[in-house]
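Hello,

Here is the structure I promised to hand over. My notes follow below it.

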Amino acid sequence: MSEEMQQSKTDKDDWLTPKWIYESIDQHDGIYLDPCAGEDTYIGEANPRPRSGWDGLEYEWEGVCFVNPPFSEKVAWAEKCVEEAQRSRVERVYLLSPDCASHKSFWHAWIEPHAQFTCFFEGRVKYVDPATGEEAGSPSFGSALHVFGDSPPTQVLRWMDDVGDLVTRGLFF
Ligand SMILES: C[S@@+](CC[C@H](N)C(=O)[O-])C[C@H]1O[C@@H](n2cnc3c(N)ncnc32)[C@H](O)[C@@H]1O
């Protein structure tokens, strides 16, 4: 694993998702909850903030969820995504993450056995700096979008296939 993937909490943990990703999902699948919202982000209908006492790793989720967790805590968030996707109040969970298939405790423990679909984005995703609202840059690794829980609408799958390489769970085995 590269040093950047093991980065400390001060680094890129707060980089925001570019609109083109969450708006495409929202358009076709109506995101309800962002369990790790930024201080000024409005992804989905419910975006509770840590400063209000909400802890997305502790509390229960609901509906269609979109998750772009702090990179440095991706293992805990991936585990939580898998757990929440099995609950009846959760329809499905989209998780944006580094595409680090070599990371055993992340990819091999939580992504590979549980993701119904994974999209490996073509090229590097450019994230947004929460301080400026401008492009923050790209990490030196690629990004992937995973779906846990019920299958998403066909339009979402078509979009995932358009913007990257779409892999279904059956192909992992
Ligand atoms: C990579 S940013 C993503 C922000 C936004 N969801 C987006 O996609 O643009 C991760 C966010 O998770 C929040 N966060 C970190 N730990 C959290 C926790 N335990 N519960 C809820 N939010 C948390 C941070 O405040 C940070 O803004």
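**Aromatic pairs and the ligand site**

The structure holds 10 aromatic pairs (rings of Phe, Tyr and Trp, the last by its six-membered ring, with centres within 6.5 Å). One of them joins Trp15 and Tyr127. The centres are 6.2 Å apart and the planes meet at 25°, which counts as stacked (planes under 30 degrees apart). Trp15 lies in the segment before helix 1 (19-29) and Tyr127 in strand 4 (residues 127-128), so the pair ties together parts that are 112 residues apart in sequence. Helices (H or I, at least four residues) and strands (E, at least two) are DSSP runs, numbered from the N terminus.

This is a predicted model: local features need pLDDT of at least 70, side-chain atom pairs count only at pLDDT 80 or more, and totals for chains, interfaces and linings use all residues. Numbering runs from 1 along each chain as its sequence is written, and side-chain values use heavy atoms, without hydrogens and water.

Now the ligand. Around it are 20 residues (a heavy atom within 4 Å). Thr17, Asp34, Cys36, Asp55 and Gly56 come nearest.

Three polar contacts (N or O pairs within 3.5 Å) are worth a look:

- Thr17: a polar side-chain atom lies 2.5 Å from a ligand oxygen atom.
- Asp55: a polar side-chain atom lies 2.9 Å from a ligand nitrogen atom.
- Gly56: a backbone N or O atom lies 2.9 Å from a ligand nitrogen atom.

Taken alone, the ligand exposes 590 Å² (Shrake-Rupley, 1.4 Å probe). The protein buries 90% of that.

Best wishes

Technical notes:
A polar contact is a pair of N or O atoms within 3.5 Å; within protein, one must be able to donate a hydrogen and the other to accept it, and residues adjacent in sequence count only if both atoms are side-chain atoms. Rings of Phe, Tyr and Trp (its six-membered ring) pair if their centres lie within 6.5 Å; planes under 30 degrees apart count as stacked, over 60 as edge-to-face and the rest as tilted.
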